[in-house]
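Please read the following walk-through with the sequence and the coordinates side by side. The account moves from the interior outward to the loops and to the parts that call for caution.

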Amino acid sequence: MPALLLLILGMADAQPSTVSLTGDSVLAFPWAGGMNSMQFGEVDINRDGIMDLVAFDRQGNRMMPFINGGGTWKIDYLFDANYIDNFPVLYDWAIFADYNNDGKADIFTYSPGWAGMMVYKNVSDETLKFERVVYPYLTSLNSGGEINILVTYADYPAITDLDNDGDLDILTFWGLGSFVEMHKNLSMEEYGNADSLIFEKTEECWGNFAESDESNELFLDTCVPAPLAESNRITNRQERHTGSTFLMLDLDGDNDKDLLLGDVDYPGLFALTNGGTPEQALITSYDTAYPDESQKIRIFSMPAAAYIDVNNDGKKDLIVSPFDPATAISKNHRSVMLYLNHGENNHPGFQLATESFLQDQMIDVGSGSMPVFFDWDSDGFTDLFIGNYGYYKGSWYDQYFTLHSQYRGTVFYLKNTGTWGYPVFTPVDMDFGKFLADGDNLVGVAPAFGDVNGDGNNDMLVGNSNGTLTLVEFSGTNVTKQQNYAGIDVGAFSAPQLFDLDNDGLLDLIVGEQDGNLNYFHNNGTVTNADFVLKTDSLGKVNVTDYTLSYYGYSYPAFYRGHDGKTVLVVGSQQGKLFYYENIDGNLTGTFTESDQLGTLLGLDRFNPDRGMRTAATLSDVCVGSAPELMAGNFSGGVELFGGNAEVLASAGGKKASFGMLTVFPNPADDKVFITIPLPLKQYTMQITDFSGRLIYYKAGASINKGTMEIDVRKFNPGMYVISVASAGAKYEGKLLIIR
């Protein structure tokens with residue numbers, strides 16, 4: 001396959017162990033774990049005097065520390081999971097702000113069960129440390145009494161010095177929406193310093209504006225609820241739920257704080273201009289296409305923004321990512337937009353740099369990653385396959401203005417092209433099994449591998465959200481699929497594994513499911529004709545559902561038999577914990593024993609089994625040693641590698657993957673395709689190739705303006721193609737195009 005095809009993957013990884021870098025052909029932090037709905041902050045993580053970057057994914061409450069190399073005008077970050085345990089456990093949202101002016105970023109985060117916020121003070125010396133100083137919630141003086149500053153898990157407040165007096169104030173939406181409340185910090189007034197967190201609600205309608213209770217429409221010069229006119233009211237529509245995000249910054253250089261406002265179910269940020277003063281805000285105008293029409297923020301759903309100097313040029317840049325708490329809304333693999341600041345800190349000028357900031361240096365397969373180690377080509381080197389819940393395809397509103405997003409699942413194939421004991425994974429096929437190309441419209445594609453029919457060729461068995469199984473057989477480039485394989489249906493989100501559980505020489509079938517239990521189908525057939533018969537739907541009495549968190553468990557089985565012949569089991573779960581079980585051999589009708597010794601199995605001094613949300617795992621002796629390696633997936637679409645080291649190439653051709661330039665729609669296409677280019681290019685070439693590398697379309701010129709190009713594809717044969725652009729400096733961008 002041509003190298004450009006492999007640029008499509010845009011992989012994102014999570015890395016608890018070290019990644020050896022040998023050049024631009026490898027991803028910088030392949031095992032970082034993926035990103036879906038991110039929030040960002042500046043913290044001096046390694047205490048070297050340089051502000052580093054903290055990324056927090058609310059889908060799984062995952063902390064991701066990135067160490068800043070500090071090079072001027074350079075984006076130079078290295079993921080370092082060793083610092084994760086230095087941070088407290090955070091929930092749903094986090095704001096990193098220095099409330100006591102000691103130069104160290106503190107943390108404000110949601111307080112579960114209290115609809116408020118708790119606060120951690122940064123008490124670092126040579127080591128990063130935090131101490132909880134406010135629990136269960138931060139309060140504010142109101143009508144003579146202290147009340148909880150109401151902030152739900154679906155709201156992202158503003159914590160900033162609004163009146164320029166040296167301490168941090170708070171803006172939140174009123175409990176039922178519409179108005180913004182201001183809680184003024186009285187620390188400077190009471191004590192002459194910012195050490196204390198004492199607040200008073202001083203305004204119930206900050207900025208003198210209101211938001212509609214049925215949409216994100218704004219009304220200026222009013223503090224009266226302003227819903228849609230009765231003639232325009234949508235009937236049979238549920239009440240609009242809470243959900244807004246704030247970012248305060250000076251957009252126009254007048255020394256007061258303006259507002260970037262995000263809203264649930266909507267893709268953009270509104271820029272609200274403060275025409276008042278720092279002490280008395282007055283919103284006088286707003287821009288619904290910020291930062292401008294050609295590169296406006298469009299990210300589903302409910303964007304939250306951070307103002308951080310990313311490239312070390314002294315100017316704060318804008319990072320935008322979805323904040324919506326719903327799991328199936330995010331643009332997943334393209335969910336972190338970076339706008340570099342070409343203006344000033346108090347009058348920024350933002351220009352879009354990428355839609356996958358940091359993600360382009362990870363394995364990120366969209367939403368929901370389900371990894372499997374398997375030697376597909378029988379060359380003695382273990383390959384890597386990753387199924388996913390789905391790639392983001394698009395979003396739309398129904399007749400009641402309710403947002404929906406669509407996903408399509410597939411399997412990614414990364415071939416091990418390394419040497420004995422030193423794996424190097426190279427992306428080969430981002431649609432292994434042709435689920436996207438064939439329009440199968442599946443989500444939750446969970447792969448398992450083995451020779452089911454005894455013909456000497458490896459087969460793939462995949463589960464999906466429907467609870468059934470599909471057998472995928474390969475003959476050269478031909479792929480055949482047998483839907484509803486063996487009539488097996490476990491209800492929802494089938495997660496199969498083929499494994500000789502009873503050591504009789506035949507592959508048995510174990511299937512996890514949404515309800516959290518394990519189904520065991522014994523193979524009563526022969527080597528050439530498998531016959532899977534249900535033995536129990538409660539294998540080992542395993543159930544990974546935590547009913548205090550969810551009705552569902554989403555069990556994902558990974559049996560492993562080591563050099564000592566002992567069988568062990570790791571089960572992924574909705575809650576994010578990887579459950580580890582022993583006492584399996586000779587006990588298939590009994591109860592497996594849950595153990596906390598998974599780290600010992602992996603040869604690690606410490607191991608945290610909580611890996612995010614909706615985890616999945618696979619084990620294999622990939623690096624050839626005394627202990628196996630474990631790869632864990634999560635709903636953020638990334639993977640983490642434990643117990644060994646491995647590189648991941650950005651492409652088979654050695655070019656570094658780079659994304660965020662081209663947008664291709666519709667995709668799949670029938671007759672026309674539109675290619676959006678957000679930035680002007682000089683000395684460019686654009687080409688479309690098929691998978692054999694044959695050139696189908698070519699265009700070149702001295703320059704091309706940002707905007708949308710239209711290409712007639714009616715003469716293209718149905719299939720998969722790659723659109724690529726080369727500009728001055730030979731920086732390539734690759735995008736997959738499917739023609740129906």
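In this predicted model, the largest nonpolar core is made up of 23 residues, and those with the most contacts inside it are Met35, Phe40, Leu53, Met64, Phe66, Phe357 and Leu358. At least two residues of this core are supplied by each of strand E2 (38-43), strand E3 (52-57), strand E4 (62-68), strand E5 (77-79), strand E22 (303-308) and strand E24 (337-341). Phenylalanine 66 offers a view of the surroundings within this region: when residues up to four places away in sequence are not counted, Phe66 touches Phe29, Met35, Ile45, Asp52, Leu53, Ala55, Tyr77, Leu78, Phe79, Leu358 and Met362.

The core belongs to a protein chain that has three helices and 53 strands. Of the 740 residues of this chain, 59% count as buried, and among the contacts between residues at least 6 apart in sequence, 54% join residues at least 24 apart.

One buried position can be followed in detail. Glycine 116 is placed in strand E8 (residues 116-122), and glycine 116 counts as buried because its relative accessibility is 0%, against a cut-off of under 20%. Leucine 150 stands 34 residues away from glycine 116 along the chain, yet the C-alpha atoms of the two are separated by 5.1 Å. The contacts of glycine 116, with residues up to four places away in sequence not counted, are to Thr109, Tyr110, Ser111, Tyr137, Asn148, Ile149 and Val151. Valine 224 may be read alongside it: valine 224 lies in the loop between strand E17 (218-220) and E18, and its C-alpha atom is 9.3 Å from that of asparagine 208, with the two positions 16 residues apart in sequence numbering. With neighbours within four places in sequence left aside, valine 224 is in contact with Phe179 and Ala210.

Where does the interior leave space unfilled? The structure holds six cavities of 30 Å³ or more, and the largest cavity contains about 180 Å³ of space. Its lining consists of 16 residues, of which Met370, Phe493, Tyr554, Tyr556 and Arg614 lie nearest the centre. Strand E26 (residues 367-374) contributes three residues, the largest share of this lining, and by class the lining of the largest cavity has eight nonpolar, six polar and two charged residues.

The second largest cavity holds about 70 Å³ of space. It is lined by 13 residues, and the closest to its centre are Leu150, Val151, Thr152, Asp155 and Phe173. Strand E13 (169-173) and strand E18 (244-249) each supply at least two residues of the lining of this second largest cavity, which divides by class into seven nonpolar residues, five polar and one charged. Leu150 and Val151 thus appear in two settings: both are among the residues closest to the centre of this cavity, while Val151 is also in contact with glycine 116 and the C-alpha atom of Leu150 is 5.1 Å from that of glycine 116.

The backbone deserves a separate look. The peptide bond from tyrosine 290 to proline 291 is cis, with omega near 0°, and proline 291 is in the loop between strand E21 (283-287) and E22. A cis peptide bond also joins phenylalanine 300 and serine 301, where omega is about -5°, and serine 301 likewise lies in the loop between E21 and E22. Positive phi values occur in residues other than glycine: tryptophan 73 has phi near 60° and is found in the loop between E4 and E5, and asparagine 101 has phi near 55° and lies in the loop between strand E6 (94-97) and strand E7 (106-111). Tryptophan 73 counts as exposed because its relative accessible area is 67%, where exposed means over 50%.

Confidence, finally, varies along the chain. The protein chain averages a pLDDT of 88, and 89% of the residues score at least 70. Over residues 1-24 pLDDT stays under 50, although the model has 112 contacts beyond four places in sequence for this stretch. Over residues 226-241 pLDDT also stays under 50, and there the model has 30 such contacts beyond four places in sequence. Where pLDDT is low, the predicted coordinates should not be read in detail.

Definitions and conventions. Residues are numbered from 1 along each chain as its sequence is written. This is a predicted model: local features need pLDDT of at least 70, side-chain atom pairs count only at pLDDT 80 or more; totals for chains, interfaces and linings use all residues. Side-chain values use heavy atoms; hydrogens and water are left out. A nonpolar core is a set of buried Ala, Val, Leu, Ile, Met, Phe, Trp, Tyr and Cys residues joined through side-chain atoms within 4.5 Å. Buried means under 20% relative accessible area, exposed over 50%, partly exposed in between (1.4 Å probe, protein chains only). Helices (H or I, at least four residues) and strands (E, at least two) are DSSP runs, numbered from the N terminus. Contact means heavy atoms within 4.5 Å. On a 1 Å grid over the protein atoms alone, a cavity is a set of points where a 1.4 Å probe fits but cannot get out, and a pocket is an open set with protein on both sides within 12 Å along at least five of seven lines; lining residues have an atom within 4 Å of a point. Grid points are joined across faces, edges and corners, and a volume is the space filled by probe spheres set on the points. Ala, Val, Leu, Ile, Met, Phe, Trp, Tyr, Cys and Pro count as nonpolar, Asp, Glu, Lys and Arg as charged, and the others, Gly among them, as polar. pLDDT is the predictor's confidence in each residue, from 0 to 100.
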